[in-house]
Amino acid sequence: IREAQNADKEDLAYIKKGALMNMRAAKEGAKLKKVGFYLSDLVDKKMLDNNLINSTKILASRAADARMDGIAIPVMSSGESGNQGIVAVLVPYYVGKYLKVKEKTILQSIALSHLLNGYVKAFTGDLAPICGCAIAAGVGASAAIVYQQKGADLKAITLAINNIISD
């Protein structure tokens with residue numbers, strides 16, 4: 001948490017550049033009839049609620065759809081994975097913007113997300129029988145969102161991490 005809070009302006013600008021890069025990937029992915037399209041279709045058909053959770057899933061899915069379809073668009077990776085970068089960066093960026101969190105806090109939360117993603121990957125290895133997006137990047141994203149709402153509340157962040165790990 002301390003390292004994320006101490007990120008300098010240059011680091012935060014780089015993180016923002018990556019978040020915007022991942023947003024562009026989601027925009028490209030919206031043109032495809034893949035996972036993001038079908039989730040959005042379920043919202044349109046009122047089979048899923050139009051809320052923050054589902055709109056975040058749709059956005060992240062669209063960015064991953066673009067990558068997995070081979071569209072030549074860069075994304076900011078995390079832990080050497082583009083899809084983990086989408087989860088670790090795009091999810092807290094979008095949630096923070098949606099909830100009108102101060103930009104510096106959003107960017108610091110993404111720094112925390114990157115750090116936690118890397119930390120978890122150090123214990124799961126480069127190739128693991130578990131999904132790095134769900135576990136490592138999910139830990140980072142969930143901790144980032146809690147950080148945006150509660151600051152450096154280690155107990156709350158730990159509970160969020162435990163929720164992801166236990167799932």
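**Exercise 1. The largest pocket**

How many nonpolar, polar and charged residues does the lining of the largest pocket have? Work this out for the predicted model shown above, and then describe where the lining comes from.

*Solution.* Begin with the space itself, since the largest pocket holds about 600 Å³. Its lining is made up of 20 residues, and those closest to the centre of the pocket are Thr56, Lys57, Ala60, Val87 and Val91. Sorting the lining by class then gives 13 nonpolar, five polar and two charged residues. As a next step, look at the helices that contribute: α4, α5 (82-98) and α7 (133-150) each supply at least two residues of this lining. Among the contributors, α4 gives the most, with eight residues.

**Exercise 2. Two helices that pack together**

Determine at what angle helix α2 and helix α4 pack, decide how this arrangement should be described, and list the residues that meet.

*Solution.* Helix α2 covers residues 9-29 and helix α4 covers residues 52-68, and the two pack at an angle of about 80° with their axes 7 Å apart. Angles from 65 to 115 degrees count as roughly perpendicular, and therefore α2 is described as roughly perpendicular to α4. Turning to the residues, the α2 side of the contact consists of Asn22, Met23, Ala25, Ala26, Glu28 and Gly29, which meet Leu59, Arg62, Ala63 and Ala66 on the α4 side. Taken by class, the residues of this contact divide into six nonpolar, two polar and two charged.

**Exercise 3. Two residues of helix α7**

Decide whether Ser142 and Gln148 are buried or exposed, and find the residues that each one touches when those up to four places away in sequence are not counted.

*Solution.* Start with Ser142, whose place is in helix α7. The cut-off for a buried residue is under 20% relative accessible area, and because Ser142 has a relative accessible area of 14%, Ser142 is buried. Leaving out residues up to four places away in sequence, Ser142 touches Ala160, Ile161 and Ile164.

Now apply the same steps to Gln148, which is also found in helix α7. With a relative accessible area of 8%, Gln148 is buried. When residues up to four places away in sequence are again left out, Gln148 touches Pro92, Val95, Gly96, Val101, Thr105, Ile106 and Ser109.

**Exercise 4. Residues in the loops**

Locate Asn50, Lys46 and Glu80, classify each as buried or exposed, and say which sign phi has in Lys46 and in Glu80.

*Solution.* Consider the loop between α3 (35-44) and α4, where Asn50 lies. A residue counts as exposed at over 50% relative accessible area, so Asn50, with 68%, is exposed. Along the chain, Asn50 and Ser40 are 10 residues apart, and their C-alpha atoms are separated by 8.9 Å.

Lys46 lies in the loop between α3 and α4 as well. Its relative accessibility is 71%, so Lys46 counts as exposed. As for the backbone, Lys46 has a positive phi of about 65°, although Lys46 is not a glycine.

Glu80 has its place in the loop between α4 and α5. The relative accessibility of Glu80 is 75%, and therefore Glu80 counts as exposed. Phi is positive in Glu80, at about 70°, although this residue is not a glycine.

Key: Residues are numbered from 1 along each chain as its sequence is written. This is a predicted model: local features need pLDDT of at least 70, side-chain atom pairs count only at pLDDT 80 or more; totals for chains, interfaces and linings use all residues. Side-chain values use heavy atoms; hydrogens and water are left out. Axes are lines fitted to C-alpha atoms, for helices over the stretch in contact, and angles run from 0 to 180 degrees between N-to-C directions. Helices (H or I, at least four residues) and strands (E, at least two) are DSSP runs, numbered from the N terminus. Angles under 35 degrees count as roughly parallel, over 145 as roughly antiparallel, 65 to 115 as roughly perpendicular and the rest as oblique. Contact means heavy atoms within 4.5 Å. Ala, Val, Leu, Ile, Met, Phe, Trp, Tyr, Cys and Pro count as nonpolar, Asp, Glu, Lys and Arg as charged, and the others, Gly among them, as polar. On a 1 Å grid over the protein atoms alone, a cavity is a set of points where a 1.4 Å probe fits but cannot get out, and a pocket is an open set with protein on both sides within 12 Å along at least five of seven lines; lining residues have an atom within 4 Å of a point. Grid points are joined across faces, edges and corners, and a volume is the space filled by probe spheres set on the points. Buried means under 20% relative accessible area, exposed over 50%, partly exposed in between (1.4 Å probe, protein chains only).
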